[in-house]
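Here is a quick tour for anyone meeting this protein for the first time. Have a look at the sequence and the model, then read on.

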Amino acid sequence: MTIGTRRVFSFAAAAMLVSATPVYSADIAPPQPEVPIEHTWKFQLTMYGWASALNGDTAIRDLPPVNVNVSFADLLKNLDGAFMGSFYATDGEWMVLTDLVWAKVSDQVTGPAGGTVKYEQTQAIVSGIVGYALPIGVPELQLSATAGVRINHLKAKLDLAPADFPGVSREGSKTWVDPTIGLSAHYEVNERWFVNALADVGGFGVGSDITSQGFLSVGYKWNEKVSTALGYRVLYTDYDKGGFVYNITQHGPYAGLGFHF
């Protein structure tokens, strides 16, 4: 083999070696290993007020149902005490929400045949739901399918004092548990404003015959730690067992103060 021939073979081998080595232009970045998405948990503790009116019928120990109609203005005058709060946690995929409502209200009205009807109610509602985000493809919206329970404890006292007949007084308490299913939504309008919504239905004869809830609020983040929100909440319960009737809609404005961590 001549010197010229060896040079040809050497240049050819070098060209094959270079062509076998990956080359990346300045505009194309080399592939990077896939990094798993980390879901960081965020928490929110909220203290709130729910100025709920009461509308519906209630009966205790086989007494005829009595219509209860306590308006928002009446509630402010007849509210004996209340405590309300919730705890929320999410990692962007899973979410957990617990909620507590305790309130005592009373009202006295004139009966249909004269006399008076006095109603006192102490109620505790403890709710807990777990949700999983649905893949809807909207980065600012976390829409979750939820399942949970709502525990109701109700103590009621009813005094009937007709104008021309002896009075009757009944008192009783009931505790029941309702399974619930629904949807929860959190939408980030921008860095400051947000919207929260919740809807569920439950009972199905396990506790109450039917119960449903709707909630909508608009909130504002003052900083990374504190937010406020205003909204409206409706809770309907139809319970009728053992002579105890509670067919009531609670509804009214909502105002909350949230602490984020």
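## A tryptophan at the surface

Let's start with tryptophan 102, which sits in strand β5. Is tryptophan 102 buried or exposed, or something in between? With a relative accessible area of 36%, tryptophan 102 counts as partly exposed. Keep in mind that this is a predicted model.

Tryptophan 102 has company. Together with Leu45, Met47, Phe83, Leu100, Val126, Val149, Ile151, Val177, Leu257, Phe259 and Phe261, Trp102 makes up a nonpolar patch on the surface, and the accessible area of the whole group is about 970 Å². Four strands, β1 (42-50), β5 (94-110), β7 and β12, each put at least two residues into the nonpolar patch. In soluble globular proteins, nonpolar side chains tend to be buried together.

## The overall build

Stepping back, the protein has two helices and twelve strands. Reading from the N terminus, the order goes α-β-β-β-α-β-β-β-β-β-β-β-β-β. Of the contacts with a separation of 6 or more, 59% are between residues 24 or more positions apart.

The protein has 261 residues, and 36% of them count as buried. About 15,300 Å² is left exposed, with carbon and sulfur atoms supplying 65% of that area.

## What's packed inside

The largest nonpolar core is built from 19 residues, and the ones with the most contacts inside it are Leu54, Val68, Tyr119, Leu158, Leu160, Phe244 and Tyr246. Strands β3 (66-70), β6 (116-133), β7 and β12 (244-260) each chip in at least two residues of this core. Which strand gives the most to this core? That's β7, with four residues.

Tyrosine 246 is a good one to click on. Not counting its neighbours within four places in sequence, tyrosine 246 touches a list of residues including Asp57, Thr58, Tyr119, Gln121, Leu154 and Trp176. Apart from this largest core lies another one, of 14 residues, among them Trp50, Tyr88, Met95 and Leu235.

## Salt bridges

How many salt bridges does the structure hold? There are five. In one of them, arginine 150 pairs up with aspartate 200, with the closest N and O atoms 3.1 Å apart. Arginine 150 belongs to strand β7 (residues 141-161) and aspartate 200 to strand β9 (residues 193-203), so this pair ties together parts that are 50 residues apart in sequence. Arginine 150 and aspartate 200 are both buried.

Strand β7 turns up again in the pairing of lysine 155 with glutamate 171. Here the closest N and O atoms are 3.6 Å apart. Lysine 155 is in strand β7 and glutamate 171 in strand β8 (residues 168-188), 16 residues apart, and the pair links distant parts of the chain. Lysine 155 is partly exposed at 41% relative accessible area, and glutamate 171 is partly exposed too, at 35%. Another salt bridge joins the side chains of glutamate 120 and lysine 118, at 3.5 Å from N to O. Glutamate 120 is partly exposed, with a relative accessible area of 25%, and lysine 118 is partly exposed as well, at 32%.

## How sure is the model?

The average pLDDT of the protein is 84, and 82% of the residues score at least 70. Where does the pLDDT fall below 50? Over residues 2-27, a stretch that has four contacts in the model beyond near neighbours in sequence.

Definitions and conventions. Residues are numbered from 1 along each chain as its sequence is written. This is a predicted model: local features need pLDDT of at least 70, side-chain atom pairs count only at pLDDT 80 or more; totals for chains, interfaces and linings use all residues. Side-chain values use heavy atoms; hydrogens and water are left out. A salt bridge is a side-chain nitrogen of Lys or Arg within 4 Å of a carboxyl oxygen of Asp or Glu. Buried means under 20% relative accessible area, exposed over 50%, partly exposed in between (1.4 Å probe, protein chains only). Contact means heavy atoms within 4.5 Å. Accessible areas come from the Shrake-Rupley method with a 1.4 Å probe; for residues, only the protein chains shown count as cover. A nonpolar core is a set of buried Ala, Val, Leu, Ile, Met, Phe, Trp, Tyr and Cys residues joined through side-chain atoms within 4.5 Å. pLDDT is the predictor's confidence in each residue, from 0 to 100. Patches are made of residues with over 30% relative accessible area and no salt bridge: like charges are joined within 9 Å, nonpolar side chains (Val, Leu, Ile, Met, Phe, Trp, Tyr) within 5 Å.
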